[in-house]
Amino acid sequence: MLKWALIFFLISLVAGYLGFYRASAATGTIAKVLFALFLIGAVIVVIIALITASFVF
């Protein structure tokens, strides 16, 4: 998911440079949403890992 966020971010930069501002805004928004989903997923995985690791000891 982080890979797709970076891809959309790069597309947004290129589109903005070429003057396609609406496409740049749309892909920028998609990149932000994907990055937020990645962060939420990463936090959930870390929390689950900490909870399950406490039962091992």
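I take a helix here to be a DSSP run of H or I with at least four residues, numbered from the N terminus. With that in hand I opened the model, which is a predicted one.

**Entry 1: the aromatic pair in α1**

I looked up ring pairs and found that the structure holds two of them. I followed the one between Trp4 and Phe8, which is tilted, with 6.5 Å from centre to centre and 45° between the planes. I noted that the tilted class takes in planes that are neither under 30 degrees apart nor over 60, so the angle of 45° for Trp4 and Phe8 belongs there. Why do Trp4 and Phe8 sit about one helical turn from each other? I wrote down that they are four residues apart in helix α1, and that this spacing is why about one turn separates them.

**Entry 2: Phe8 and what it meets**

I stayed with Phe8, whose place is in helix α1, and asked whether it is buried or partly exposed. Its relative accessible area is 23%, and because buried means under 20% and exposed over 50%, I entered Phe8 as partly exposed. Leaving aside neighbours within four places in sequence, I listed its contacts as Thr27, Ile30, Ala31 and Leu34. For one of these, Ala31, I also checked the backbone: the C-alpha atoms of Phe8 and Ala31 are separated by 5.3 Å, although the two residues are 23 apart along the chain.

**Entry 3: Ser24**

I turned next to Ser24, which lies in helix α2. Its relative accessible area is 14%, and I recorded Ser24 as buried, because that value falls under the 20% limit. Not counting residues up to four places away in sequence, I found that Ser24 touches Ser12, Ala15 and Gly16.

**Entry 4: the nonpolar patch**

I then looked at the surface and found a nonpolar patch of about 970 Å², made by Met1, Leu2, Leu6, Val33, Phe35, Leu37, Phe38, Leu39, Ile40, Ile44 and Ile48. The elements giving two or more residues to this patch are α1, spanning 2-18, and α2, spanning 21-56. Which of the elements gives the largest share? I found that it is α2, with eight residues.

I picked out Leu37, a patch member that lies in helix α2. At 45% relative accessibility, Leu37 counts as partly exposed, and since patch residues need over 30% relative accessible area, that value is enough for Leu37 on this criterion. I also compared its position with that of Met1: the two are 36 residues apart in sequence, yet 8.0 Å apart in space from C-alpha to C-alpha.

**Entry 5: the chain as a whole**

I closed with the overall figures, beginning with the secondary structure of the protein chain, which comes to two helices and zero strands. The radius of gyration is 17 Å, well over the 10 Å that the globule rule gives for 57 residues, so I described the chain as more spread out than a compact globule. Along its principal axes, I noted that the C-alpha trace spans about 55 × 15 × 10 Å. Buried residues make up 14% of the 57 residues in the chain. The protein chain exposes about 4700 Å², and I noted that carbon and sulfur atoms supply 83% of that area.

Technical notes. Residues numbered from 1 in each chain as written. Predicted model: local features only at pLDDT ≥ 70, side-chain atom pairs only at ≥ 80, totals over all residues. Heavy atoms only, no water. Patch = residues over 30% accessible without salt bridge, like charges linked within 9 Å, V, L, I, M, F, W, Y side chains within 5 Å. Areas by Shrake-Rupley, 256 points an atom, 1.4 Å probe, with all protein chains shown as cover. Salt bridge = Lys/Arg side-chain N within 4 Å of Asp/Glu carboxyl O. Buried < 20%, exposed > 50% of the residue type's maximum accessible area, 1.4 Å probe, protein only. Contact = heavy atoms within 4.5 Å. Phe/Tyr/Trp six-rings, centres within 6.5 Å; stacked < 30°, edge-to-face > 60°. Rg over C-alpha atoms; globule rule 2.2 N^0.38 Å.
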